[in-house]
Amino acid sequence: MFVIDCPNCGSRDQSEFTYAGEAHIARPTETENMTDAEWAEFVFMRTNTKGLFAERWWHATGCRKFFNMLRNTATDEIHAVYRIGEKPPKVTANLPATPAGEASIGSGNDAVKIMTRDEEAAS
Amino acid sequence: MKRYSALELIRQGLGGHRGWDRVWRKPEPKPSYDAVIIGGGGHGLATAYYLAKLHGMTNIAVVEKGWIGGGNSGRNTTIIRSNYLFDESAAIYNHALNLWKGLGQELNFNIMMSHRGVLNLAHDEGEMRQLKRRVEANRLNGVDSEWLDAKEVKNFCPSINISGDIRYPVLGGTLQRSGGVNRHDGVVWGYARAADALGVDILQQTEVTGILTEAGEVTGIETTRGTIRTPKVASVTAGHTSVMANMLDIRLPVESHPLQALVSEPIKPILNCVVMSNAVHVYCSQSDKGELVIGAGIDAQLSYTQRGNLDIIEHQMASLMELFPIFSRLRMMRQWGGIVDVCPDASPIISKTPVKGFYVNGGWGTGGWKATPGSGHVFADLIAKDEPNRIAAPFAIDRFTTGALVAEHGAAAVAH
């Protein structure tokens with residue numbers, strides 16, 4: 001199970017939090033000028049990264065505030081928690097060496113267990 | 001392909017079982033193929049089989065990064081049904097169900113298809129209205145579906161608890177009698193054997209690392225075993241749909257979540273059908289080995305680890321105990337997860353893309369297994385003709401721009 005460091009409340013179990021999807025997606029301001037395709041991009045399209053991913057959570061049974069998190073979706077390792085409005089910090093993560101490569105532990109797929117240590121700044 | 005039969009079993013037995021063919025070959029990749037399917041699960045192997053059998057495309061390959069059926073095909077709870085709400089969904093899931101009915105015979109492989117019936121339960125008046133609406137919609141679309149009240153549910157499934165003493169009692173449910181379960185490994189192996197016999201190369205332990213294009217058209221793929229030239233690349237990788245699409249900068253509305261499942265210790269036959277509940281969230285059936293096969297909702301976070309969190313399992317067990325207090329002493333034996341590619345409308349993507357020759361079949365989310373033969377069948381049609389047929393067309397990716405969503409969260413029966 002995850003343990004998540006809420007910026008306000010400290011280390012709590014993941015079940016206290018609610019997931020809020022991909023981070024850093026700004027709601028467009030001039031929506032009346034957008035095409036259907038541009039609107040679909042905002043409402044529906046997602047990057048769905050395998051690897052270092054910036055996402056939002058909020059502390060449902062605690063302070064009930066939103067915050068950002070940098071987590072490696074290929075291993076579930078949490079690299080950073082940072083406040084709304086801040087930019088993601090630079091971290092070092094164990095990333096898949098190939099696009100669909102898998103973590104060295106926890107995955108049953110022996111054929112693609114290739115991880116590499118990589119310096120990565122999430123955009 | 002040597003036919004499996006009782007006679008063949010006896011004949012081979014007399015020869016010490018040394019005469020059986022390999023079920024599929026282990027070929028070296030050719031430098032080029034007429035089409036390459038990325039993803040060696042049920043959907044991918046079904047696509048290859050129908051491409052070879054119905055469209056005469058036998059110079060094709062299935063490329064699989066691990067072992068065939070090692071992804072979601074090996075991790076689902078094997079439920080087969082077609083009782084979705086909208087016309088478009090009924091078309092594809094019922095197409096699949098009709099193919100399931102004869103598949104074991106067609107592939108000459110025991111897929112252990114059991115049409116034991118699927119119950120979807122209602123626990124309040126709102127659910128009753130929704131489910132009764134779905135029964136009528138199903139009937140209009142030729143999907144067998146009927147409404148049972150609580151007593152009739154108990155009659156059909158004796159081990160269920162319909163007592164009024166629980167928080168959300170069973171008020172009734174829908175029954176699809178032709179729904180049921182089958183053996184997921186058997187389906188994968190059956191399709192693999194049949195496709196291989198038609199000349200399809202199944203390339204396991206071969207990961208696609210890039211897709212090559214020239215002037216907006218597909219020319220081949222890069223793999224961990226070299227470059228393969230091909231004009232048609234079809235991605236059907238449950239759990240990694242976005243990873244494949246990202247190779248060509250194609251944006252998708254897909255998010256990949258863990259979906260967990262578990263089995264109990266084996267017990268004598270006690271559960272004679274599939275039981276699913278949205279409100280008291282769990283779905284359960286009993287395998288031929290005697291294990292209860294149990295599933296429920298996805299984990300909320302995105303993850304590619306095929307692992308989820310324990311609180312999901314605790315909720316599943318609480319729901320199971322409400323519906324079947326008789327199971328409270330059972331030990332749970334094994335738990336696992338898969339990666340489900342969820343679309344905002346809980347319907348799949350079967351589509352051409354802006355890149356000519358690149359086709360995507362994915363985003364089945366939590367409901368892909370039941371569609372396996374239908375998905376492969378219509379995807380093969382799309383790949384061969386470069387146009388989607390009537391069944392596949394509503395699932396094109398542009399529906400997220402036009403707004404023609406096929407909203408099936410209710411019928412999907414899995415919490416998102």
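Helices here are DSSP runs of at least four residues and strands are DSSP runs of at least two, each numbered from the N terminus. With that in hand, let me take you through this structure, which is a predicted model, beginning at a single residue and working outwards.

The residue is B:Asp299, which sits in the loop between strand E16 (292–298) and helix H8 (310–323) of chain B. What is unusual about its surroundings is that B:Asp299 is buried and yet has no salt bridge, the nearest side chain of opposite charge being that of A:Arg71, 9.1 Å away. A salt bridge needs a side-chain nitrogen of Lys or Arg within 4 Å of a carboxyl oxygen of Asp or Glu, and therefore a separation of 9.1 Å does not qualify. What does B:Asp299 reach with its side chain? One partner is the side chain of B:Gln260, in a polar contact of 2.7 Å, and another is the backbone nitrogen of B:Asn309, at 2.8 Å. If we set aside the neighbours within four places in sequence, the residues in contact with B:Asp299 are B:His257, B:Pro258, B:Gln260, B:Gly308, B:Asn309 and B:Ile312.

Let me turn to the interface between the two chains, to which chain B contributes 33 residues and chain A 36 residues. Together the two chains bury about 3000 Å² between them, with 54% of that on carbon and sulfur atoms. On the chain B side, the residues that lose the most area to chain A are B:Arg251, B:Leu302 and B:Tyr304, which together make up 21% of what that side buries.

How many salt bridges does the rule find across this interface? It finds two between chain B and chain A, and in one salt bridge the side chain of B:Arg251 meets that of A:Glu41, at 2.6 Å from N to O. Polar contacts between the chains amount to 19 residue pairs, counted where both residues are at pLDDT 80 or more. Several elements of chain B each supply at least two residues to the side that touches chain A, namely strand E9 (208–214), helix H7 (241–246), strand E13 (255–264), helix H8 (310–323) and helix H10 (399–402). Of these, H7(B) gives the most, with three residues, and the residues on that side of chain B divide into 14 nonpolar, 13 polar and six charged. There is also a network of salt bridges that links A:Glu55, A:Arg71, A:Asp76 and B:Arg307.

Next, chain A itself, which has one helix and eight strands, arranged along the sequence in the pattern β-β-β-α-β-β-β-β-β. Of its 123 residues, 43% are buried, and among its contacts with a separation of 6 or more, 44% come from residues 24 or more positions apart. As an example, take A:Ile4 in strand E1 (residues 3–6) of chain A, which counts as buried because its relative accessible area is 0%. Beyond its neighbours within four places, A:Ile4 is in contact with several residues, including A:Phe17, A:Trp57, A:Phe67, A:Met69 and A:Ile78.

Back in chain B, I would like to show salt bridges that connect distant parts of the chain, from a total of 20 over all chains of the structure. In general, side chains of opposite charge can pair when their charged atoms come close. B:Arg116 and B:Asp288 meet at 3.5 Å, N to O, although they are 172 residues apart, with B:Arg116 in the loop between helix H3 (87–107) and strand E4 (118–122) and B:Asp288 in the loop between strand E15 (282–286) and E16. Are these two partners buried or exposed? B:Arg116 is buried, at 17% relative accessible area, whereas B:Asp288 is exposed, at 60%.

A second pair is B:Arg334 and B:Glu291, whose closest N and O atoms are 3.8 Å apart, and here B:Arg334 belongs to strand E17 (residues 332–342), while B:Glu291 lies in the loop between E15 and E16, 43 residues apart in sequence. B:Arg334 is partly exposed, at 41%, and B:Glu291 counts as buried, at 6%.

Finally, two backbone details in chain B. B:Thr78 has a positive phi of about 60° although it is not a glycine, and this residue is found in the loop between strand E2 (60–63) and strand E3 (79–80). B:Asp386, in the loop between helix H9 (372–385) and H10, likewise has a positive phi, near 60°, and at 19% relative accessibility it counts as buried.

Technical notes. Residues are numbered from 1 along each chain as its sequence is written. Chains are lettered from A and ligands numbered from 1 in the order in which they are written. This is a predicted model: local features need pLDDT of at least 70, side-chain atom pairs count only at pLDDT 80 or more; totals for chains, interfaces and linings use all residues. Side-chain values use heavy atoms; hydrogens and water are left out. Contact means heavy atoms within 4.5 Å. Buried area is the accessible area (1.4 Å probe) that two parts lose on being put together, summed over both. A polar contact is a pair of N or O atoms within 3.5 Å; within protein, one must be able to donate a hydrogen and the other to accept it, and residues adjacent in sequence count only if both atoms are side-chain atoms. Ala, Val, Leu, Ile, Met, Phe, Trp, Tyr, Cys and Pro count as nonpolar, Asp, Glu, Lys and Arg as charged, and the others, Gly among them, as polar. Buried means under 20% relative accessible area, exposed over 50%, partly exposed in between (1.4 Å probe, protein chains only). Lys and Arg count as positive and Asp and Glu as negative; His and the chain ends are not counted.
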